[in-house]
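This briefing goes through a single protein chain, topic by topic. The sequence and the model come first, followed by the notes.

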Amino acid sequence: MTTTGSLDHLSMRDFRRLATFIHDYSGIKMPESKKTMVEGRLRKRVSAIGAAHLTDYCHRLFDEGGLAHETLHLIDVITTNKTEFFREPQHFTFLAENALPQIVADRRAGPQTLIKVWSTASSIGAEPYTLAMVLADASQKLGGFRVNILATDISVRVLETAAAAIYPESMIAPVPMDMRKRYLMRSKDATRALVRIVPDLRRIVQFGRLNLMDSSYPVDQGLDVVFCRNMLIYFDKPTQQAVLTRLCNHLRPGGYLFLGHSESLAGFGLPLKAVGTTVFRRE
C-alpha cells in the first residue's frame, strides 16, 4: 500500500531511473547519497508542471513519454552551478603572468591576432567575465590582440542570467578595485545594489548551450585556452577520459587547459604537460 506521504519521496526504482538518465545524458554521477537532494530540487518542477507529487512526476517522464519535453528543465534543476568571480584566483594570475605572454610570443601576436578562449562550464557567467577582464588587461600590457571567449553550459537557465550580465554587488567582492572601475557599471538605482558588465566585455563573450557528453563539439579547433574547472569531479573515469580527449583535440599545440583544484590528468595518456597547479599545456 502506498501512502500519500511516500509519494512526495522518490522510490528507489524512480531514483535509479532518474540517476541512470541523468548520468547517460549529462555524465553527472548520482549516487544514492544524493537522493534527498534530488527530491528537494525536483519538488519545484513537480509544482511548476502541475504534477501531484514526485511519483506522478516520474510516471509522466518514464511511462508517458514526458522526457522529450522535460529534459532541459530536469537538467536545469539538477545541475549544481556554484560559481564566483576570480574563483581559484591562482589560475587567473598564471593566465596573466605566464600563459598569455607565452601565447603572444609563440603566435607573434599583434593587434589583429585573435586569442580564442573557451569556458566550458560557464554557469551564470562569473568565469567567462573574469576571463574577459584578465584578457582585456593583458591585451593592453602585451601590445594588443583581439579576444573571443566562448562560454557554454548545459543549463539554459544559467545561460540566460549570464547573457544579461547583471549581478548583485555582493558577488563582486573578489574583483580587484581597479577592475571594478574599468569593467563594472553600477545601477543608477542604488537601492537595487546591482552591477553590470560593461558593453566592451559583453561583446567579446558569446554564450551557447553545450553538453560535454556529446560525441563532438561545435567549437573551433586551435583554441589558445580552455577552462574546464570543477566539472570532472561529477564524472566517472571513462567519461573524464572521453571529455578530456575531446577538449584536448580543440586545443592548439602550445594551448593551455585549466582544471579544477581537485582534478588531475593522471592515467589518461593525453598530450598535455603540467606547467602549474592543475594547469596543462598541449604538446
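**Sheet and strand pairing**

In strand 6, Q206 is the bridge partner of L150. The model is a predicted one, and the points below cover its sheet, one helix that lies across it, the overall dimensions, the cysteines and two residues with positive phi.

Pairing of strands 2 and 6
- Strand 2, residues 146–153, runs parallel to strand 6, and 5 bridges join the two.
- The pair L150 and Q206 belongs to the bridge partners of these strands, with Q206 located in strand 6.

The sheet as a whole
- The sheet is open and has 7 strands, in the order 6-2-1-7-8-10-9, with mixed pairing.
- Its edge strands are strand 6 (205–209) and strand 9, each of which pairs on one side only.
- From one strand to the next, the twist averages 20°.
- In a regular strand, side chains alternate between the two faces of the sheet.

The hairpin of strands 9 and 10
- Strand 9 (residues 272–276) pairs with strand 10 (residues 279–282) in the antiparallel sense, over 4 bridges.
- Opposite L272 stands R282, a residue of strand 10.
- The two strands form a hairpin with 2 residues between them.
- T278 is in the turn of this hairpin and has a positive phi of about 50°.

Helix 6 on the strands
- Helix 6 (residues 126–141) lies across strand 1 (114–119), strand 2, strand 6 and strand 7 (223–228).
- The helix runs at about 155° to strand 1.

**Overall dimensions**

Secondary structure and extent
- The chain has 10 helices and 10 strands.
- Taken along the principal axes, the C-alpha atoms fill a box of roughly 75 × 55 × 30 Å.
- The radius of gyration is 21 Å, which agrees with the value near 19 Å for a compact globule of 283 residues.

Burial, contacts and surface
- Of the 283 residues in the chain, 50% are buried.
- Among contacts with a separation of 6 or more, 73% are between residues 24 or more positions apart.
- The accessible surface comes to about 13,300 Å², and 53% of it belongs to carbon and sulfur atoms.

**Cysteines**

- How many disulfides does a search of the whole structure find? The search finds 0 disulfides.
- A disulfide is a covalent bond between the sulfur atoms of two cysteines.
- For C228, the closest cysteine sulfur is that of C248, at 12 Å, so the two are too far apart for a bond.
- Seen from C248, the closest cysteine sulfur is in C228, again 12 Å away and too far for a bond.
- The cut-off for a disulfide is a pair of sulfur atoms within 2.5 Å.
- C228 is buried, with a relative accessible area of 0%, and C248 also counts as buried, at 2% relative accessibility.

**Positive phi outside glycine**

- Most residues other than glycine have a negative phi.
- R108 has a positive phi, near 50°, and is a residue other than glycine.
- R108 is placed in the loop between helix 5 (89–107) and strand 1.
- A165 is not a glycine, yet its phi is positive, at about 60°.
- The loop that holds A165 lies between helix 7 (156–164) and strand 3 (166–168).
- Is R108 buried or exposed? R108 counts as exposed, because its relative accessibility is 78%.
- A165 is buried, its relative accessible area being 0%.

Methods. Residues are numbered from 1 along each chain as its sequence is written. This is a predicted model: local features need pLDDT of at least 70, side-chain atom pairs count only at pLDDT 80 or more; totals for chains, interfaces and linings use all residues. Side-chain values use heavy atoms; hydrogens and water are left out. Buried means under 20% relative accessible area, exposed over 50%, partly exposed in between (1.4 Å probe, protein chains only). Two strands pair if DSSP finds at least two bridges between them. The radius of gyration is taken over C-alpha atoms; the globule rule is 2.2 Å times the number of residues to the power 0.38. Contact means heavy atoms within 4.5 Å. Accessible areas come from the Shrake-Rupley method with a 1.4 Å probe; for residues, only the protein chains shown count as cover. Axes are lines fitted to C-alpha atoms, for helices over the stretch in contact, and angles run from 0 to 180 degrees between N-to-C directions.
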